[in-house]
Amino acid sequence: MINLCQCSTAFGIDARNLNIALMQPEMEDHMESLGNIGALVGGLGVLVSAIFVGVQIRVANKLARADSQRHTRHAWQEALFYLSDNGKAVRKFLHNYEETGPDDQFKAAHALIAMGNHLDLLLKLESEGLESQDNIRFMSDAFVGLVSTRGGIKFWKDMASIELFGDDLLKHVESRLSMITVPNNDLPNILPWLRPDTDWPTI
């Protein structure tokens, strides 16, 4: 029996070249398999990277929201401290806006304008997903409640007529006021710390 090497020698073909030629299809299949594995690994890498970036974005959004809410609560607390420090002026203002003296008007107007601008900011943050609806509801109830009083509604109409506040706040408050009785004379009964002094004239 003539072996492969003898046949190749007889026909003048180098045995090494013959072996390479015979192994070439197998090598091509092997390389194609490696290429497919490489493509699969690369695709998995892209997927893992996308998931990682998505997780990072989600965490960053949560941190931004938490930071925004922390600053929101701090600013709101400062507004409440101001209201407390100027309680009598604010109560006079809400009871009878037009008869309140200029100094007390200025103090109360400052408090309400600050609260209104703050609420306007919260509404904008909520539209971007950076503020929660329950926080908006609480602060909206507080502000709308104050401007729905006998003095508060006159102040609100004066400020709205010159568009002192942002569009988001104007639309929001007008929508809320349209759903309640204005002026809201029951609010001082619900929140007794807003009651007028007994020596104040009743209207």
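# A tour of helices α4 to α7

Begin by selecting helix α5, residues 133–147: because a helix is expected to rise 1.5 Å a residue, its 15 residues should span 21 Å, and its end C-alpha atoms are 21 Å apart, which agrees. The expected span is 1.5 Å times one less than the number of residues, and helices (H or I, at least four residues) and strands (E, at least two) are DSSP runs numbered from the N terminus.

The model is predicted, so that local features need pLDDT of at least 70 and side-chain atom pairs count only at pLDDT 80 or more, while totals for chains, interfaces and linings use all residues. Residues are numbered from 1 along each chain as its sequence is written, and side-chain values use heavy atoms, with hydrogens and water left out.

**The whole chain.** Before going further, colour the protein by secondary structure, where there are eight helices and zero strands. Of the 203 residues, 29% are buried, a term that stands for under 20% relative accessible area, with exposed meaning over 50% and partly exposed in between (1.4 Å probe, protein chains only). Among contacts with a separation of 6 or more, 69% join residues 24 or more positions apart, contact being defined as heavy atoms within 4.5 Å.

**Helix α5 and its partner α4.** Return to α5 and show its side chains, where the buried residues are Asn135, Ile136, Met139, Ser140, Phe143, Val144, Gly145, Leu146 and Val147. An α-helix has 3.6 residues a turn, so residues three or four places apart point the same way.

Next add α4, residues 102–127, whose axis comes within 10 Å of that of α5 and crosses it at roughly 150°. That makes α4 roughly antiparallel to α5; angles under 35 degrees count as roughly parallel, over 145 as roughly antiparallel, 65 to 115 as roughly perpendicular and the rest as oblique. Axes here are lines fitted to C-alpha atoms, for helices over the stretch in contact, and angles run from 0 to 180 degrees between N-to-C directions.

To see the contact itself, select Leu112, Met115, Gly116, His118, Leu119, Leu122, Leu123 and Glu126 in α4, which meet Gln133, Ile136, Met139, Ser140, Phe143 and Leu146 in α5. Sorted by class, this contact of α4 with α5 holds nine nonpolar, four polar and one charged residues. In that sorting Ala, Val, Leu, Ile, Met, Phe, Trp, Tyr, Cys and Pro are nonpolar, Asp, Glu, Lys and Arg are charged, and the others, Gly among them, are polar.

**Helix α6 and its cover.** Move on to α6, residues 150–161, where 12 residues at 1.5 Å a residue should span 16 Å and the end C-alpha atoms are 17 Å apart, which agrees. Its buried residues are Gly151, Gly152, Ile153, Phe155, Trp156 and Met159, and what covers them includes α3 (87–95), α4, α5 and α7 (167–177).

With α7 displayed, the axes of α6 and α7 come within 12 Å and cross at roughly 145°. Here Ile153, Trp156 and Ala160 in α6 meet Leu169, Leu170, Val173, Glu174 and Leu177 in α7, a contact with seven nonpolar, no polar and one charged residues.

**Two backbone details.** Select Glu163 in the loop between α6 and α7, where phi is near 55°, a positive value in a residue other than glycine. At 58% relative accessibility, Glu163 counts as exposed. Finish at Pro183, in the loop between α7 and α8 (187–190), where the peptide bond from Val182 to Pro183 is cis, with omega near 0°. Most residues other than glycine have a negative phi, and most peptide bonds are trans.
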